[in-house]
Amino acid sequence: MAEFTLVIGTKNYSSWSLRSWLALKRCAVAFDETLIDLAAADRRGKILGYSKAGLVPVLIHDRLIIWETMAICEYLAERFPDAGLWPGEPAARAVCRAVANEMHAGFASLRTHMPMDIRNSYPGVGLGRGVQADIDRIVDIWHDCRQQYGQSGPYLFGGFTIADAMFAPVVARFKTYGVDLPEQAVSYCNHVWECPDMIEWRAAAAAETSVVA
Ligand SMILES: N[C@@H](CCC(=O)N[C@@H](CS)C(=O)NCC(=O)O)C(=O)O
């Protein structure tokens, strides 16, 4: 049994699970995965067996149980400082935290109208009320981060950080729903979409058979 266990939901659909999973992968530590089928009728009982909050992801480390994606990411950043989950420079780190939290707290329209569905393709679908404004704000964030902090690599702050983990499900949504994006945003999406960890997650999502209505 590995030192860490990450309890996650169905990979095709569980955007919050993807975020924590990507952050944990960057830590290069062995971990066990416990996958709960989010289409199953008994899923709530199963999740409650790990966390009274009733939501995945949940990170288990020894006897410590951590729920909530940002708390999981913060814990990993503290335990694995060499993973670079936050940028080293204080100003970049502050902005990285701001955009990660903006993603965590916001973009309700995008989430509602374009739920993550990695293995499917629905070009042109999902542009409900407020979605274009969410897309525009996300493109704006990506542009500003890349311009100001992204010189050392292809991600928002150069190397892969928690901000990229937070936006990875947005990249997946933009791919599924064929969202029109400016060139710089397309390039960022492609880097995230094609990174080895994302390819591994996508392959697992494609192999799943459970369907959430
Ligand atoms: N605020 C939570 C949100 C977690 C969340 O909404 N998880 C969804 C799956 S992506 C869930 O557990 N849903 C329960 C269900 O579908 O029954 C976090 O940041 O981790």
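The radius of gyration used here is taken over C-alpha atoms, and the globule rule sets it at 2.2 Å times the number of residues to the power 0.38. For the 213 residues of the protein chain this rule gives a value near 17 Å for a compact globule, and the chain has 17 Å, so the two agree. The model is predicted.

**Overall architecture**

The C-alpha atoms occupy a box of roughly 45 × 40 × 25 Å along the principal axes. Of the 213 residues, 38% are buried. Among contacts with a separation of 6 or more, 67% join residues that are 24 or more positions apart. The secondary structure comprises nine helices and four strands, and their order along the sequence is β-α-β-α-β-β-α-α-α-α-α-α-α.

**Strand pairing**

Strand β3 (residues 58-61) pairs with two strands. With strand β1 (residues 4-9), β3 forms four bridges in the antiparallel sense, and Thr 5 stands opposite Ile 60 of β3. With strand β4 (residues 64-67), β3 is again antiparallel and joined by four bridges. In that pairing Leu 59 faces Ile 66 of β4, while His 61 has Leu 64 of β4 as its bridge partner. The hairpin of β3 and β4 has two residues between the strands, and Asp 62 takes a positive phi there.

**Backbone exceptions**

Most residues other than glycine have a negative phi, and most peptide bonds are trans. Two non-glycine residues with a positive phi are set out below.

| Residue | Phi | Location | C-beta neighbours within 10 Å |
|---|---|---|---|
| Ala 28 | near 50° | loop between α1 and β2 | 9 |
| Asp 62 | near 55° | loop between β3 and β4 | 7 |

A residue counts as exposed if 12 or fewer other C-beta atoms lie within 10 Å of its own. Ala 28, with 9 such atoms, is therefore exposed, and Asp 62, with 7, is exposed as well. The peptide bond from Val 56 to Pro 57 is cis, with omega near 10°. Pro 57 belongs to the loop between α2 and β3.

**Helix α7**

Helix α7 covers residues 162-176, and its 15 residues should span 21 Å at 1.5 Å a residue; the end C-alpha atoms are 22 Å apart, which agrees with that expectation. The helix nevertheless has a kink of about 35° at Ala 168, shortly before the proline Pro 169. Because 14 of its 15 residues are buried, α7 is largely enclosed by the rest of the structure. Just after this helix, Gly 178 takes a positive phi of about 55°.

**Ligand surroundings**

Which residues are closest to the ligand? They are Ser 14, Trp 16, Leu 55, Val 56 and Thr 69, within a surrounding set of 13 residues. Helices α1 (15-26) and α2 (43-48) each contribute at least two residues to this shell. The largest share, three residues, comes from α1. Val 56 thus links two parts of this description: it is among the residues closest to the ligand, and the cis peptide bond runs from Val 56 to Pro 57.

Key
Residues are numbered from 1 along each chain as its sequence is written. This is a predicted model: local features need pLDDT of at least 70, side-chain atom pairs count only at pLDDT 80 or more; totals for chains, interfaces and linings use all residues. A residue is buried if 20 or more other C-beta atoms lie within 10 Å of its own, exposed if 12 or fewer, and partly exposed in between; C-beta atoms are placed from the backbone. Two residues are in contact if their C-beta atoms, placed from the backbone, lie within 7 Å. Two strands pair if DSSP finds at least two bridges between them. The expected span of a helix is 1.5 Å times one less than its number of residues. The bend at a residue is the angle between axes fitted to the seven residues ending there and the seven starting there. A residue is near a molecule or strand if its C-beta atom, placed from the backbone, lies within 6 Å of it.
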